[in-house]
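Here's a quick briefing for anyone opening this structure for the first time. Have a look at the sequence and the model, then read on.

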Amino acid sequence: MSLTSDEMQRLQSYVRQNAEASALFEKLLLSYEMERHKICHEIRNPLTLLSSTIQLIESQHPEICSFDYWNSLREDLDYMMELLQEFSLYNNSNDLRPETFSFRNFMERLVLSFAASCTASDIEFTSRLQENLPVITGDPVKLRQAILNLLKNARESIHGPGSVRLDVWSKCDELHIRIEDTGCGITKGQMEEIFTPFVTTKSSGTGLGLPVVQNIIHAHHGTVSVTSIPNHGTTFEVLLPVHWESPDHPL
């Protein structure tokens, strides 16, 4: 049985009201995280060895690349490696290394990076960054990962010509990040599970991208919400506090 994000937050709120329950829950979380890390480590080693072996076989016997099912074998292995990488990111998404930095400079670099990825497509990317974005406290590596993930999802939802728009502004000690696209949208049924790990509508997706985004934003004491109209587009809204104390162990 798995818990929804709201159920997890309510559980976290409950255990914080009782010091003994909170201590026990912290031990449970730590044990669970150690098990997940161990599983990743145990799977990564044989997969890495298998990948190296396949590369060695191809270098010594190039003709094997034309064999039936060889490409399918490589694609399956690549998918497993990608899934393991995404799972590792998911495991570590709550592990922050906060620092103080200019959010305006941070977003300018991120915008340039994403804009470059759209130049060879029919997708129009526009951005509007408030001039006086504040200096914030956060993990710039994890925040970059989360925002780029949302932008990438927006781009991949568009089949043919379309547009992605990014707006960033601050108000009342909160950062607002809005990402809008004119893509395929999300159905009501899909909307209920978009933040559930391993649930995906993409043929080659891992179903961990949005759960990673949610974990990162929640670890920063922020929120992420989504609205969508099928066949018309989707809007993601992220709210982040400008400054926060050293984070509690997130759920």
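Leaving out residues up to four places away in sequence, A154 touches V164, I179 and D181, where contact means heavy atoms within 4.5 Å. A154 sits in helix α5, and because its relative accessibility is 3%, it counts as buried. Here buried means under 20% relative accessible area, exposed means over 50%, and partly exposed is in between (1.4 Å probe, protein chains only).

Some ground rules: this is a predicted model, where local features need pLDDT of at least 70 and side-chain atom pairs count only at pLDDT 80 or more, while totals for chains, interfaces and linings use all residues. Residues are numbered from 1 along each chain as its sequence is written, and side-chain values use heavy atoms, with hydrogens and water left out.

**More on A154 and helix α5**

- The C-alpha atoms of A154 and R165 are 9.1 Å apart, and the two residues are 11 residues apart along the chain.
- Helices (H or I, at least four residues) and strands (E, at least two) are DSSP runs, numbered from the N terminus.
- α5 has 17 residues, which at 1.5 Å a residue should span 24 Å, and the end C-alpha atoms agree at 24 Å apart. That expected span is 1.5 Å times one less than the number of residues in the helix.
- A154 has buried company in α5, including L143, A146, I147, L150 and L151.
- D139 caps the N-terminal end of α5, with a side-chain oxygen 3.0 Å from the backbone nitrogen of V141.

**The chain as a whole**

- There are seven helices and seven strands in the chain, and along the sequence they run α-α-α-β-α-β-β-α-β-β-α-α-β-β.
- Of the 251 residues in the chain, 39% are buried.
- Among contacts with a separation of 6 or more, 73% are between residues 24 or more positions apart.
- About 15,000 Å² of the chain is exposed, and carbon and sulfur atoms supply 54% of that. Those areas come from the Shrake-Rupley method with a 1.4 Å probe; for residues, only the protein chains shown count as cover.

**The nonpolar cores**

- A nonpolar core is a set of buried Ala, Val, Leu, Ile, Met, Phe, Trp, Tyr and Cys residues joined through side-chain atoms within 4.5 Å.
- In the largest one there are 40 residues, and F103 and M107 have the most contacts inside it.
- Helices and strands that each supply at least two residues of this core include α4 (103-118), α5 (140-156), β4 (162-171) and β5 (174-181).
- With seven residues, α4 gives the most to this core.
- Not counting neighbours within four places in sequence, F103 is in contact with L133, P134, I136, I147, V168, L175 and I177.
- Another core lies apart from it and has six residues, among them L47, I54, I64 and W70.
- As background, nonpolar side chains tend to be buried together in soluble globular proteins.

**Helix α4**

- Which residues of α4 are buried? They are F103, R104, F106, M107, L110, V111, F114 and C118.
- Seen down the axis of α4, these buried residues fall within an arc of 145°, so they line one face of the helix. The arc is that of the directions from the helix axis to the C-beta atoms.
- R109 and L112 are exposed on the other side of α4.
- Cover for the buried residues of α4 includes β1 (99-102), β3 (135-138), α5 and β4.
- N105 is in α4 too, and it counts as partly exposed because its relative accessible area is 39%.

**Strand β7 and two loop residues**

- T234 is in strand β7 and is buried, with a relative accessible area of 5%.
- The side chains of T234 and S228 are joined by a polar contact of 2.8 Å. A polar contact is a pair of N or O atoms within 3.5 Å; within protein, one must be able to donate a hydrogen and the other to accept it, and residues adjacent in sequence count only if both atoms are side-chain atoms.
- Beyond residues up to four places away in sequence, T234 touches several residues, including I179, D181 and V226.
- C172 is in the loop between β4 and β5; its phi is near 55°, a positive value in a residue other than glycine.
- N231 is in the loop between β6 and β7 and has a positive phi of about 70° although it is not a glycine.
- Buried or exposed, what is C172? C172 counts as exposed, at 70% relative accessibility, and N231 is exposed with a relative accessible area of 66%.
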